[in-house]
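Q: Please take a close look at one charged side chain in this structure and what it touches. Then work outwards to the pocket and the sheets around it.

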Amino acid sequence: MRYVLLSFLVYISYFLYSSDIDNYFINYNKSDGLVHKTVNCMMQDRDGFLWIGTSNGISRFDGYSFRNFKHDRKNPLSLNGISVLGMVEGKDGRLWLSTNVGIEYFDKNTETFQLSSIPEIKDNKFDRNIYIDERGLIWINNSNTNIIAFDPKTQKIQYHITNIPGITISSVYQYIVQNDTLWIACKDGIVAYNFRKQSLRFIDKESSLSYCFSIHKIDNSRIVMSFMNDGVYVLNTAKKEGYWVDKKTIEKKIGIKTIIYDATIGYDNSLWIGVSSGTINLKNNIFEYYNNYSQDKYFDGDLVWNIYRDFDNN
């Protein structure tokens, strides 16, 4: 059985694929143990646990129950921030978190949290912008620091990119790092930037793209980017080309105005899109629309904030 995880502003839902039974959703909310109703991010670690970053701490889910970690002002080794906006797992197993007070890490062996000691990023907030590359470097960016990559073992900066010829660096929304290339979603379009050679190539040039809410690496050659008011862009990094599923087409198919939040690709190569009125599954140009207003009542909430593809689908 395979599944895609959907997060809403009020709960988490599992969408399960099965050859034996109809597709269905399983919903989890705060009454089931989830630490907070607003889910900002999700990731699965190497041990198989699902980590859920919320507006009031982190939940660890083992498939059956939740274990929660929150800020405790009486405990200096507890979560320093309150809201967890982004998460990645380092090669040493530590979880690196972007929180409302900055960058910190969680040691799963000691179950303690520690703020980063890097002077250049101290007192800076990075929202959802935290990534990890194949070498294990942690990448972060905001308008103050621009783009920084640091070694989590030494907490020393390896790259600090303050200028990208061809685009305004402040227009960078999100990116994925592969080898020496940043695959960038920015206001001016979709860009490939080799930071060693300092060479830039436009994959898809646009006049003024809206905010890129999410970006996901699906495999070694595919990246999915979701733009709130433009649609979803599926990039083939090997061919250096891609295609749009534009917002107008989505709205026409579902019959309602909406906002695009997240998107990913399932194990069957179908495209899942989270919108402000539910979620959409697109395969072979066929749109399936799931929301809480339909007769089947797939789930209790409506706005799909995050979609995460589980390891079992790889």
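A: The backbone nitrogen of Arg 46 lies 3.0 Å from a polar atom of the side chain of Glu 89. The Glu 89 side chain also makes a polar contact of 2.9 Å with the side chain of Lys 108. A polar contact is a pair of N or O atoms within 3.5 Å; within protein, one atom must be able to donate a hydrogen and the other to accept it, and residues adjacent in sequence count only if both atoms are side-chain atoms. The model is predicted, so local features need pLDDT of at least 70 and side-chain atom pairs count only at pLDDT 80 or more, whereas totals for chains, interfaces and linings use all residues. Residues are numbered from 1 along each chain as its sequence is written, and side-chain values use heavy atoms, with hydrogens and water left out.

Glu 89 counts as buried because its relative accessibility is 15%. Buried means under 20% relative accessible area, exposed over 50%, and partly exposed in between, with a 1.4 Å probe and protein chains only. Glu 89 belongs to strand 8, which covers residues 84–89. Strands (E, at least two residues) and helices (H or I, at least four) are DSSP runs, numbered from the N terminus.

Strand 8 leads to the largest pocket, since it is among the strands that each supply at least two residues of the lining; the others are strand 4 (39–44), strand 12 (130–132), strand 16 (172–178), strand 20 (212–217), strand 24 (260–265) and strand 28 (304–309). The volume of this pocket is about 1200 Å³. Its lining comprises 39 residues, and Met 87, Val 88, Ile 132, Lys 217 and Tyr 308 lie nearest its centre. A pocket is defined on a 1 Å grid over the protein atoms alone, as an open set of points where a 1.4 Å probe fits, with protein on both sides within 12 Å along at least five of seven lines; lining residues have an atom within 4 Å of a point. Grid points are joined across faces, edges and corners, and the volume is the space filled by probe spheres set on the points. By class, the lining has 17 nonpolar, eleven polar and eleven charged residues. Ala, Val, Leu, Ile, Met, Phe, Trp, Tyr, Cys and Pro count as nonpolar, Asp, Glu, Lys and Arg as charged, and the others, Gly among them, as polar.

One of the residues nearest the pocket centre, Ile 132, stands opposite Ile 138 in strand 13. Strand 12 and strand 13 run antiparallel and are joined by three bridges; two strands pair if DSSP finds at least two bridges between them. Their hairpin has five residues between the strands, and in it Gly 136 takes a positive phi near 95°. In strand 13 (residues 138–142), five of the five residues are buried. Side chains in a regular strand alternate between the two faces of the sheet. In strand 13 both faces are covered, with Ile 138, Ile 140 and Asn 142 on one side and Trp 139 and Asn 141 on the other. A hairpin of three residues leads from strand 13 to strand 14. These two strands run antiparallel, with five bridges between strand 13 and strand 14 (residues 146–151), and Asn 142 has Asn 146 as its bridge partner.

Two other strands of the lining, strand 4 and strand 16, belong to open sheets. Strand 4 is in a sheet of four strands in the order 4-5-6-7, with antiparallel pairing. Strand 4 and strand 7 (66–69) are its edges, each pairing on one side only. Neighbouring strands of this sheet are turned by 20° against each other on average, direction ignored; axes are lines fitted to C-alpha atoms, for helices over the stretch in contact, and angles run from 0 to 180 degrees between N-to-C directions. Within the sheet, strand 5 (residues 50–54) and strand 6 (residues 57–61) pair over five bridges in the antiparallel sense, and Trp 51 faces Arg 60 of strand 6 as its opposite residue.

Strand 16 is part of a four-strand open sheet in the order 16-17-18-19, again with antiparallel pairing. Strand 16 and strand 19 (199–205) each have a single partner strand, so one side of each is left without a neighbour in the sheet. The average turn between neighbouring strands here is 20°, direction ignored. Strand 18 (residues 189–194) is joined to strand 19 by six bridges, and the partner of Gly 189 in strand 19 is Lys 205.
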